[in-house]
Amino acid sequence: MSNNVRPDSMQRITTRELADAFIAEQVAAVRAQVGDKKVLLALSGGVDSSVVAALLIKAIGKQLVCVHVNHGLMRKGESEDVIKVFGQELDANLVYVDATDRFLDLLAGVSDPEKKRKIIGGEFIKVFDEEAAKLEGIDFLAQGTIYPDILESIKAAESGKPVKSHHNVGGLPDEMAMELVEPVKLLYKDEVRVVGEALGLPHAMVYRQPFPGPGLGVRCLGAITRDRLHALREADAILREEFDKCGLAESVWQYFISVPDMKSVGVRNEKRYEGWPAIIRAVNTKDAMTATIEEIPYAVLHRITQRITAEVEGINRVLYDLTPKPTGTIEWE
Ligand code: XMP
């Protein structure tokens, strides 16, 4: 337990120099821990797993095997970015699994949000396990555990509630008894980001807004269909692009589109056009327990609306959700 406690003497990593020193220390520690053995990492493309991947590539190169499972519910360009940054630029040992059909087939016709989450989580573990079982001679499992995860687990244990598992990958087969490698487990999120930039990861990847594990699955509301999921992904990409352009991406904590399973009547090219509404959500929060609504300049909302309704097949209206948390949750599902 003691090596899960951040020493009072540990300096906060706020500068490039401090990050470089941390990286050098962890590179040595990982090499000492791992030797010439292989390490497995589930690389989602999120901040924590990306920083761990970059750090381990620096420490042990091809001894790290990254598995990126594309569940078909990623945002536009995200899996491509993982392949570009890790597979090409960092020359990682990357296993890319496109499991889109598996996930979407299982989710077909399922509208209950909790059932959808269970299917996505369960299938993710299955796919990852299958890939892991194909690999030979893996002795270590790397994880992007960060210090708030550890503090949360300690708090849960003290309160008598079951300890929350932070294993990103969950139930690995028993025979794969693997030792953990968790190089950023004593860092806070802001420090992980400084380390990520020092490792040369793209700014957009390191400062990526939070994204739920079930991905667009909880934003394609109700039973997911491929055409509505596609429309959601395209509309969300436009929202992100416009937020980037006007600087809102730097100041808003989380912003995204949801598309409900309902259509309204509209007009396009002078013809009746039935389509889905795209709902914009843009919230600020410290801990996601409560959230306030960002005041988006009307001109920005107007431009986003114009672009989405003109460019995205199947969408004929854009709505802005003004509900804080409570009473709304951040996600619609
Ligand atoms: P809610 O909707 O509960 O969201 O107000 C709070 C924060 O949690 C994220 N979220 C999830 N993250 N798996 C995740 O990893 C999930 O199933 C999940 N549901 C919500 C949400 O995006 C927000 O940042």
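Contact here means heavy atoms within 4.5 Å, and helices (H or I, at least four residues) and strands (E, at least two) are DSSP runs numbered from the N terminus. The model is a predicted one, in which local features need pLDDT of at least 70 and side-chain atom pairs count only at pLDDT 80 or more, while totals for chains, interfaces and linings use all residues. Residues are numbered from 1 along each chain as its sequence is written, and side-chain values use heavy atoms, with hydrogens and water left out.

**Exercise 1. Determine which residues join helix 1 to helix 7, and how the two helices are oriented.**

Step 1: on the side of helix 1 the contact involves R16, A19, D20, F22 and I23, and on the side of helix 7 it involves V194, V195 and A198. Step 2: sorted by class, these residues give six nonpolar, no polar and two charged, where Ala, Val, Leu, Ile, Met, Phe, Trp, Tyr, Cys and Pro count as nonpolar, Asp, Glu, Lys and Arg as charged, and the others, Gly among them, as polar. Step 3: the axes of helix 1 and helix 7 come within 9 Å and cross at roughly 85°, the axes being lines fitted to C-alpha atoms, for helices over the stretch in contact, and the angles running from 0 to 180 degrees between N-to-C directions. Helix 1 is therefore roughly perpendicular to helix 7, since angles under 35 degrees count as roughly parallel, over 145 as roughly antiparallel, 65 to 115 as roughly perpendicular and the rest as oblique.

**Exercise 2. Describe how helix 2 packs against helix 1 and against helix 7, giving the handedness of each crossing.**

Step 1: helix 1 (residues 16-34) and helix 2 (residues 47-60) have axes 9 Å apart and an angle of about 65°, and helix 1 passes helix 2 in a right-handed crossing. A crossing is left-handed if the near helix is turned anticlockwise from the far one by less than a right angle, and right-handed if clockwise. Step 2: F22, I23, Q26, V27, V30, R31 and V34 of helix 1 meet L55, L56, K58, A59 and I60 of helix 2, a contact with nine nonpolar, one polar and two charged residues. Step 3: between helix 2 and helix 7 (residues 189-198) the angle is about 40° and the axes are 10 Å apart, so that these helices are oblique to each other, and the crossing is left-handed. Step 4: V47, D48 and V51 of helix 2 make this contact with K189, V192, R193, V195 and G196 of helix 7, which by class gives four nonpolar, one polar and three charged residues.

**Exercise 3. Work out the strand order of the five-stranded open sheet and identify which strands stand at its edges.**

Step 1: the order is 3-2-1-4-5, with parallel pairing, and two strands pair if DSSP finds at least two bridges between them. Step 2: strand 3 (93-98) and strand 5 (179-181) each have a single partner strand, so they stand at the edges and one side of each is left without a neighbour in the sheet. Step 3: neighbouring strands of this sheet are turned by 30° against each other on average, direction ignored. Step 4: strand 2 (residues 64-70) pairs with strand 3 in the parallel sense over six bridges, and H68 stands opposite Y96 in strand 3.

**Exercise 4. Locate the backbone features at D91, P326 and T327.**

Step 1: D91, in the loop between helix 3 (78-89) and strand 3, has phi near 50°, a positive value in a residue other than glycine. Step 2: the peptide bond from K325 to P326 is cis, with omega near -15°, and the bond from P326 to T327 is also cis, with omega near 20°. Step 3: P326 is placed in the segment after strand 10 (315-320), and T327 lies in the segment after strand 10 as well.
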